[in-house]
Amino acid sequence: MRLAVTGASGLVGGQVVRAARAEGHQVVALTRDPRSVPAGADVRVVALDDVAVLAAAMTGADALVHCAAVYAYGPDRAAEVQRVNRDGTRCVVEAAGRAGVPRAVVTSSSVTCGSSPTPVARDETGRLGEEAVPAYYASKAAQEEAALSAGAEAGVDVVLALPTVVLGGPYRRLAPSNAMVLRYLLDPTRSTFPGGCNVVDARDLGEGHLLLARHGAPGERYLLGGQDLTWRMLHTMVAELAGLPGPFAEIGVHTAWMAAAAAEAVARLTGSTPLSTREEASTVGRYYWYSSAKVAALGYTPRPARAAIAASLAWLCVGDDLPRWVREGLRLLPEVRAARDLVPRSLSPTPRPPRRPAPARRRPR
């Protein structure tokens, strides 16, 4: 199979490329950053709004997996997430139609299935309801509508993949998913929250998308999740794997909102990206729990949540997002170190300059 993958340099798209290459498929990687695409792909540098170039790059592909998206919170990113996630998806599916690609798997998000006030798992019939709806959530709901309508117009069978909270790596940029783990490592109070989420290992999504490319029913949504956890359960696993105490106090939505507002203020002053936003904090207390039974019937078997959290820690500990003073205080369990593949590096350090001889000491008279 010849597979076209957008967002091939991202966390999910990169795993799709790896899984496809492992199965012996040809991959055309469509990306803005060719340096971060996994080895073995035919890399094409493209923009999501250039239909003609996208169509030319996809020509000859048997299927498309569209992973390119902006995953961000905050009002300053609202226009961007809508433009890329909704309008970019419409362009990509239209290009697939022009190129004669018969099938497309479009990566949406589990948040489009909504959340619950109690610990109940939702399925693909769920929709956004009475919960807070950040701009990112709204963009993903709009993306699904755009993908299906564009597919109908272009003659492309569209299957919707709905990943839950994706943990692990490798990654180029710290997305809000891995930032959830990082926040606990940086929190001196070791706090947790009411509510919960479903976490999935990034490695499982590569295989999950290929499964949908082969067997997913056109027009259907498929939740690609892992394990449902309360926030206390998740933070307890992070603490155990990292050798840290806690979690201790459980803070509510109002405290989380004020802490996020402070983080945003600091980020504005320093010109950095906040680890938490008020939009994200508004979802505290809800249960974003989901069932993956529908895709499990096709053969999907994700790793347990502990493996996903261990993978997130493994990549955070070798990245630039975790300060050195925090890293040195961790006592990582062996399963964290085993969660990341060792990558060989060239052992050719820069030659040291010759040492100057020490000056001779004068003997005292």
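# Briefing: sheet, helices and local features

Leaving aside neighbours within four places in sequence, valine 133 is in contact with Leu128 and Ala138. This residue sits in the loop between β5 and α4. The model is a predicted one. Its sheet is open, with seven strands in parallel pairing. The structure holds zero disulfides.

**Valine 133**

- Valine 133 is partly exposed, at a relative accessible area of 39%.
- Aspartate 50 is 83 residues away from valine 133 in sequence.
- In space, the two are 30 Å apart, C-alpha to C-alpha.

**The sheet**

- The strand order is β3-β2-β1-β4-β5-β6-β9.
- β3 (42-45) and β9 (221-224) stand at the edges. Each has a single partner strand, so one side of each lacks a neighbour in the sheet.
- From one strand to the next, the twist averages 20°.
- Strands of a sheet pair through backbone hydrogen bonds, either parallel or antiparallel.

**Strand β4 and its partners**

- β1 and β4 run parallel and are joined by four bridges.
- Alanine 4 stands opposite leucine 64 in β4.
- β4 also pairs with β5 in the parallel sense, over three bridges.
- Valine 65 is opposite valine 105 in β5, and histidine 66 is opposite valine 106 in β5.
- In a regular strand the side chains alternate between the two faces of the sheet.
- Which residues of β4 lie on each side, and are they buried or exposed? Ala63 and Val65 are on one side, Leu64 and His66 are on the other, and all are buried. Both faces of β4 are thus covered.

**Helix α3**

- α3 covers residues 78-99, 22 residues in total.
- Its span from first C-alpha to last is 31 Å, close to the 32 Å expected at 1.5 Å a residue.
- Where is the kink in α3 centred? The centre is glycine 88, and the kink is about 30°.
- Glycine 88 is also among the buried residues of α3. Others on that list include Val81, Val84, Asn85, Cys91, Val92 and Val93.
- The buried residues of α3 pack against three helices and strands of note here, including α2 (51-58), β4 (63-66) and α4 (135-154). β1 (2-6), β5 (103-107) and β6 (157-163) are also packed against.
- Just after α3, glycine 100 takes a positive phi of about 80°.

**Helices across the sheet**

- α4 lies across β4, β5, β6 and β9. Its direction is at about 165° to β6.
- α6 (residues 202-215) lies across β1, β4, β5, β6 and β9. Its direction is at about 145° to β5.

**Glutamate 144**

- Glutamate 144 is found in helix α4.
- Is glutamate 144 buried or exposed? At 4% relative accessibility, the residue counts as buried, because the cut-off for buried is under 20%.
- Leaving aside neighbours within four places in sequence, glutamate 144 is in contact with Arg127 and Arg221 among others. Its contacts also include Ser108, Ser109, Thr112, Leu160 and Leu162.

**Cysteines**

- A disulfide is a covalent bond between the sulfur atoms of two cysteines.
- Cysteine 67 is in no disulfide. The nearest cysteine sulfur belongs to cysteine 91 and is 17 Å away. A disulfide needs the two sulfur atoms within 2.5 Å.
- Cysteine 67 is buried, with a relative accessible area of 12%.
- Cysteine 317 is in no disulfide either. Its nearest cysteine sulfur, that of cysteine 197, is 19 Å away.
- At 11% relative accessibility, cysteine 317 counts as buried.

**Backbone features in loops**

- Glycine 169 and proline 170 are joined by a cis peptide bond, with omega about 0°.
- Proline 170 is in the loop between β7 (165-167) and α5 (176-186).
- A cis peptide bond also joins glycine 246 and proline 247, with omega about 5°.
- Proline 247 lies in the loop between α7 (231-242) and α8 (253-270).
- Which phi does arginine 190 have? The value is positive, about 50°, although the residue is not a glycine.
- Arginine 190 is in the loop between α5 and β8 (196-201).
- At 13% relative accessibility, arginine 190 counts as buried.

Terms used
Residues numbered from 1 in each chain as written. Predicted model: local features only at pLDDT ≥ 70, side-chain atom pairs only at ≥ 80, totals over all residues. Heavy atoms only, no water. Buried < 20%, exposed > 50% of the residue type's maximum accessible area, 1.4 Å probe, protein only. Helix = DSSP H or I, 4+ residues; strand = E, 2+ residues; numbered from the N terminus. Expected span 1.5 Å × (residues − 1). Bend = angle between axes of the 7 residues up to and from the residue. Contact = heavy atoms within 4.5 Å. Pairing = 2+ DSSP bridges. Axes fitted to C-alpha atoms, helices over the stretch in contact; angles between N-to-C directions.
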